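Hi,

Here is the structure I promised to pass on. Have a look at it first, and my notes follow below.

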Amino acid sequence: MDRIGSLPEEVLCHILSFLTTKEAALTSILSKRWRNLFTLVPHLDIDDSVFLYPEEGKREREGILESFMDFVDRVLASQGDSPIKKFSLKCKTGIDTDRVNHWICNVLGRGVTNLELILDFPRSDDDDLDYMYFLPDELFVSSKLVELNLRSEFGVDWWRGGRGTFLPMLKTLTFDSKWILLCDELEVFLSAFPVLEEFYMAEIEWDSDESVSSESLRKLTIYTSGFEDFRNPKSISFDTPNLVYLEYSDFVAADYPKVNLPNLSEAVLDLKVTGHQMDLIREPDVEDDDFLRIRNVWKLIKGLRSVNKLFISAETLEVLSLCCETMPVFNNLKVLRIICDAGLGWQAMPALLRNCPRLETLVLKGLLHHVTDKCGDVCDCIPREDKGRSLLSCPVKKLEIRGFQGKVREKEMIRHFLESFPCLDEMEVYGDQNENDDPTNLEVNRIYKMVAYKVHGDEVNPETVLQSKSMSQTRMEEISSQFTPRNNKNMYDMVYILHGAPPPPPPQEMSQDDLREQLDAANAKLAELKEEFKEGKRVHDDLFDRIVDLNPMIASALKARQSATDSEEAEASKDQEKKRDFEALYEIMADLYPHFASVLRAMRATELEQVEPSRHQGEMAELDQTTSTAVVAADLLPRDGH
């Protein structure tokens with residue numbers, strides 16, 4: 001029986017929507033019912049690379065691109081005017097752009113809500129000056145579009161035809177291209193999308209005053225590159241009062257006149273400067289024009305003070321050294337992640353940590369950095385009397401270090417952190433196997449993860465646990481001594497996990513909340529198993545009833561046997577009654593069909609030779625045996641009931 005083929009059409013169309021259009025079209029050869037089913041799918045995914053795959057050089061074959069375009073024409077024509085939800089089109093050079101625009105207009109006219117266009121081809125192959133693809137005018141005024149994703153190797157041109165843009169339903173807009181030409185300034189451009197919630201824009205260039213202004217925007221991602229002759233934009237403003245997520249990569253602007261981000265929860269910041277400006281950060285020159293272009297970055301940082309999570313690049317951390325005196329207090333910040341670089345400094349780290357009064361998790365991707373006299377009260381690079389002062393006031397509870405290379409300087413910094421963070425309960429250190437090629441650190445190369453759990457109470461002695469037998473405990477304790485604090489204030493259990501070893505459970509006792517959470521999960525799993533058991537029992541019951549309905553002789557015999565035993569089994573449960581019925585069915589069928597009885601006896605003899613299962617397994621095996629009996633019965637019974 002074709003179980004999938006018997007499903008309703010809307011279910012089958014939903015299944016086909018997860019395939020590319022070419023793959024869905026291949027199902028038309030299965031049967032008459034499947035012949036035109038793919039044309040009813042409300043999602044179309046057309047990719048010329050899938051159509052041309054897997055033969056190498058097939059794209060250059062004469063007539064193959066024309067065949068692909070004819071295929072798309074036939075698919076769209078076969079669907080007529082039926083509604084469509086999603087249309088994804090991926091094409092490269094060689095496809096007729098006029099036909100592409102005809103396809104886009106076709107789905108726009110049918111009310112498409114999700115449109116993805118990845119069009120890596122120029123407007124025409126013989127016109128070097130006019131190299132950008134032109135979007136159809138109908139795209140700029142669609143009243144149905146909710147999500148729009150545009151990408152092109154040769155750029156996205158929203159300038160020609162886009163001046164009258166108004167997309168009243170658009171909530172997600174993505175530009176991912178080398179070049180993006182907008183018809184207006186960004187503030188005017190965004191006003192054409194009154195309900196826009198997510199905006200992603202990569203590789204845009206701006207050097208004038210720009211403002212990101214939107215009441216509806218909740219998620220914003222901007223990656224800019226700047227012009228070669230003028231990297232830093234003049235002024236950038238953010239007036240997005242409902243924004244909750246910001247991912248921003250740009251050269252530092254000369255000014256940030258307005259940064260209105262009161263509801264921002266998470267920010268990813270990658271601020272860039274020129275090489276000369278980096279030198280000015282370390283040795284300021286207030287008369288240098290380049291220095292004047294970057295000194296107002298504190299206005300942007302102040303606008304981020306409401307975030308719960310903050311992720312900053314190594315270059316951003318050094319740029320923040322311009323804000324040491326004006327660093328805002330991040331009262332809501334709980335997670336801080338910093339990418340470090342051996343050539344970039346930590347001058348801003350002390351001020352940053354001192355201004356995070358509720359910080360719980362600190363993630364450092366790398367520990368090596370450019371040493372200056374301003375980072376000394378955080379790191380262990382330069383001896384000084386106030387070493388660790390900023391750490392002593394930091395409430396961080398968990399420290400995570402990525403890219404550990406096993407260098408002496410890194411080990412000393414880890415020891416310094418364990419000694420200085422007063423509230424640190426847990427530290428995780430992940431080894432960097434790709435970059436750690438120091439032959440003197442062979443043991444460190446084998447460590448996948450190192451975990452330090454703080455010991456609370458004098459009655460517990462710190463210990464070192466090794467999650468692998470490939471290294472001796474003595475050797476691991478020697479390595480551990482390179483990290484453990486020298487003072488007696490903070491004591492930690494050290495756990496080392498080598499490659500291939502399972503992660504260990506935390507040694508500290510679980511809280512009541514954790515236990516309650518695990519209990520709730522166990523109860524949910526138990527309820528799920530009960531539902532599965534009920535469903536299995538229902539299937540078995542339906543199978544039993546079906547066999548009885550197919551053979552009137554079995555039904556009569558069961559009724560007679562049931563009336564004879566009703567008085568004896570009146571107090572038996574429903575499950576016991578059903579089990580008795582199965583056994584009765586077996587005996588009756590064995591009497592009627594001797595060949596059937598011999599087959600079942602052979603099956604039972606084979607099962608008795610196997611190892612006796614556990615009590616639970618035995619109950620399930622008994623249920624399976626009964627089911628197999630019914631299945632064999634259904635196969636051996638004559639279809640006319642004789």
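Where in the protein is Val141 found? It sits in the loop between β3 (114-120) and β4 (147-152). Leaving aside residues up to four places away in sequence, Val141 touches Gly164, Phe166 and Leu167. I also looked at Val141 and Leu108: they are 33 residues apart along the chain, and their C-alpha atoms are separated by 9.9 Å.

Before you read on, please keep in mind that this is a predicted model.

Now for the overall picture. The protein has 642 residues, and 45% of them are buried. You'll find 20 helices and 22 strands in it. If you take the contacts between residues at least 6 apart in sequence, 67% of those join residues at least 24 apart. As for the surface, the protein exposes about 34,200 Å², with carbon and sulfur atoms supplying 51% of that.

Next, one of the sheets. Strands β9, β11 and β13 form an open sheet in the order β9-β11-β13, and the pairing is parallel. β9 (209-213) and β13 (259-260) are the edge strands with a single partner strand each, so one side of each has no neighbour in the sheet. Between β9 and β11 (residues 235-239), which run parallel, there are five bridges. If you want a spot to find that pairing on screen, go to Asp209, which stands opposite Ser235 in β11.

Then there are the aromatics. The count comes to eight aromatic pairs. Among them is the pair of Tyr200 and Tyr223, which is tilted, at 6.5 Å centre to centre with 45° between the planes. Tyr200 belongs to strand β8 (residues 198-204) and Tyr223 to strand β10 (residues 219-224), so this pair ties together parts that are 23 residues apart in sequence. Both rings belong to partly exposed residues: Tyr200 has a relative accessible area of 27%, and Tyr223 has one of 26%.

Phe238 and Tyr248 make an edge-to-face pair, at 5.2 Å centre to centre and 80° between the planes. This pair also links distant parts of the chain, with Phe238 in strand β11 and Tyr248 in strand β12 (residues 245-251), 10 residues apart. Are these two buried or exposed? Phe238 and Tyr248 are both buried. Phe238 also takes you back to the sheet above, as β11 is the strand that five bridges join to β9.

Elsewhere, Phe175, Phe189, Phe193 and Phe199 form one aromatic cluster.

Two charged side chains sit over rings as well. Lys219 lies over the face of Tyr245, at 5.2 Å from the ring centre. Arg402 does likewise with Tyr430, at 3.7 Å from the ring centre.

One last residue to check is Gln347. You'll find Gln347 in the loop between β16 (335-339) and α11 (349-354). Its relative accessible area is 6%, which is under the 20% cut-off, so Gln347 counts as buried. The side chain of Gln347 also has a polar partner: it makes a polar contact with the side chain of Glu318, at 3.1 Å.

That's what I have for now. Shout if you'd like to go through any of it together.

Cheers

Note on methods:
Residues are numbered from 1 along each chain as its sequence is written. This is a predicted model: local features need pLDDT of at least 70, side-chain atom pairs count only at pLDDT 80 or more; totals for chains, interfaces and linings use all residues. Side-chain values use heavy atoms; hydrogens and water are left out. Two strands pair if DSSP finds at least two bridges between them. Helices (H or I, at least four residues) and strands (E, at least two) are DSSP runs, numbered from the N terminus. Buried means under 20% relative accessible area, exposed over 50%, partly exposed in between (1.4 Å probe, protein chains only). A polar contact is a pair of N or O atoms within 3.5 Å; within protein, one must be able to donate a hydrogen and the other to accept it, and residues adjacent in sequence count only if both atoms are side-chain atoms. Rings of Phe, Tyr and Trp (its six-membered ring) pair if their centres lie within 6.5 Å; planes under 30 degrees apart count as stacked, over 60 as edge-to-face and the rest as tilted. A charge sits over a ring if NZ of Lys or CZ of Arg is within 6 Å of the ring centre and within 35 degrees of the ring normal. Contact means heavy atoms within 4.5 Å. Accessible areas come from the Shrake-Rupley method with a 1.4 Å probe; for residues, only the protein chains shown count as cover.
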